[in-house]
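I opened the notebook on this protein with a plain list of things to look up, beginning with its pocket. The entries follow in the order in which I took them up.

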Amino acid sequence: MFGSKKKRRASPHELMAQLRPDLSRESLGVGPDFPGVAPNPLLSGDARKRNAELRTGALALGVLVDWREVNSNPRVVLMFDVETAGGVSFRGIADEDLTITELTRLAPGQTLPVRYRPAVMDHCVALARDVDPAQVQQLSDEIASRKQT
């Protein structure tokens, strides 16, 4: 066609960043390895696969930095400063559906158990709701003892 140029379609993550700049990689404090916040994680095959892998991921501790509401379900994006048993620290992003009660209990500075994928390290984490409190205490002690030496 005369003067026609094919435009590259924006990815769902690029579209989400345009619609919600507060959910962009820069705003969340992560680098280019972060795959982005899925507009609808139930319809995204990549997000479903990632969430399934995170359910069995390695345990770490995350200090809650901030959170952003995505919708009124309430679906929120939680930002954590994560510390692993191996001494690796990174900014972790969790995309979670919370109850109103859970949402009202969120406070910056809270330490919560999270799961991550050590082989991928893409900043994605998930709340470890299934973990035994004794495991969390053991991990916390391990991290504290490593910091003392």
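**Entry: the largest pocket**

I looked first at what lines the largest pocket, and found that helix α3 gives the largest share of the lining, seven residues. I note here that this is a predicted model. The lining comprises 27 residues, and P41, N51, D95, E96 and D97 are those that lie nearest the centre of the pocket. Besides α3, the strands β3 and β5 each give two or more residues to the lining. For the volume of the largest pocket I wrote down about 540 Å³.

**Entry: the chain as a whole**

I then stepped back to the overall layout and counted five helices and five strands in the protein chain. Reading from the N terminus, I noted the order of elements as α-α-α-β-β-β-α-β-β-α. Along the principal axes, the C-alpha atoms fill a box of roughly 70 × 35 × 25 Å. The protein chain has 149 residues, of which 38% count as buried. When I took the contacts between residues at least 6 apart in sequence, 57% of them joined residues at least 24 apart.

**Entry: helix α3**

Having met α3 in the pocket lining, I went back to this helix, which covers residues 45–55 and has A47, R50 and L54 as buried residues. Why do the buried residues line one face of the helix? Seen down the axis of α3, they fall within an arc of 65°, so they line one face. I set beside this the general point that an α-helix has 3.6 residues a turn, so residues three or four places apart point the same way. The buried residues of α3 pack against β4 and β5, while the face turned away from the buried side carries the exposed residues K49 and R55.

**Entry: R117 in the loop between β4 and β5**

I next looked up R117, which sits in the loop between β4 and β5. Is R117 buried or exposed? It counts as buried, because its relative accessibility is 11% and the cut-off for buried is under 20%. The side chain of R117 makes a polar contact of 2.5 Å with the side chain of E53. Leaving out residues up to four places away in sequence, I found R117 touching R50, E53, L54, D122 and C124; R50 and L54 are among the buried residues of α3 that I had noted above.

**Entry: backbone geometry**

I checked the backbone for unusual angles, keeping in mind that most residues other than glycine have a negative phi, and most peptide bonds are trans. In the loop between β4 and β5 I found M121, which has a positive phi of about 50° although it is not a glycine. M121 is partly exposed, with a relative accessible area of 31%. H123 is found in the loop between β4 and β5 as well, and its phi, near 80°, is also positive. H123 counts as buried at 18% relative accessibility. Elsewhere, the peptide bond from N73 to P74 is cis, with omega near -5°, and P74 is found in the loop between β1 and β2.

**Entry: the nonpolar cores**

I turned to the largest nonpolar core, which has 15 residues, and recorded that L78, F80, V82, V114 and V125 touch the most other members. The elements giving two or more residues to this core are β1, β2, β3, β4 and β5, and β2 gives the largest share, four residues. I also found a second, separate core of 13 residues, which includes L28, V70, V77 and I93. As a general matter, nonpolar side chains in soluble globular proteins tend to be buried together.

To see the surroundings of one core residue, I listed the contacts of F80 beyond its neighbours within four places in sequence: G62, V63, L64, V65, F90, R91, G92, A94, L112, V114, V125 and L127.

**Entry: D130**

Last, I looked at D130, in the loop between β5 (125–127) and α5 (133–148). D130 is exposed, with a relative accessible area of 60%. A polar contact of 3.5 Å joins the side chains of D130 and R115. For R105, which lies 25 residues from D130 along the chain, I noted a C-alpha separation of 18 Å.

Technical notes. Residues numbered from 1 in each chain as written. Heavy atoms only, no water. Buried < 20%, exposed > 50% of the residue type's maximum accessible area, 1.4 Å probe, protein only. Polar contact = N/O pair within 3.5 Å; in protein donor to acceptor, adjacent residues only side chain to side chain. Core = buried A, V, L, I, M, F, W, Y, C linked by side-chain atoms within 4.5 Å. Contact = heavy atoms within 4.5 Å. Arc of directions from axis to C-beta. 1 Å grid on protein atoms, 1.4 Å probe; cavity = no way out; pocket = protein on both sides within 12 Å on 5 of 7 lines; lining within 4 Å. Points joined across faces, edges and corners; volume = space filled by probe spheres on them.
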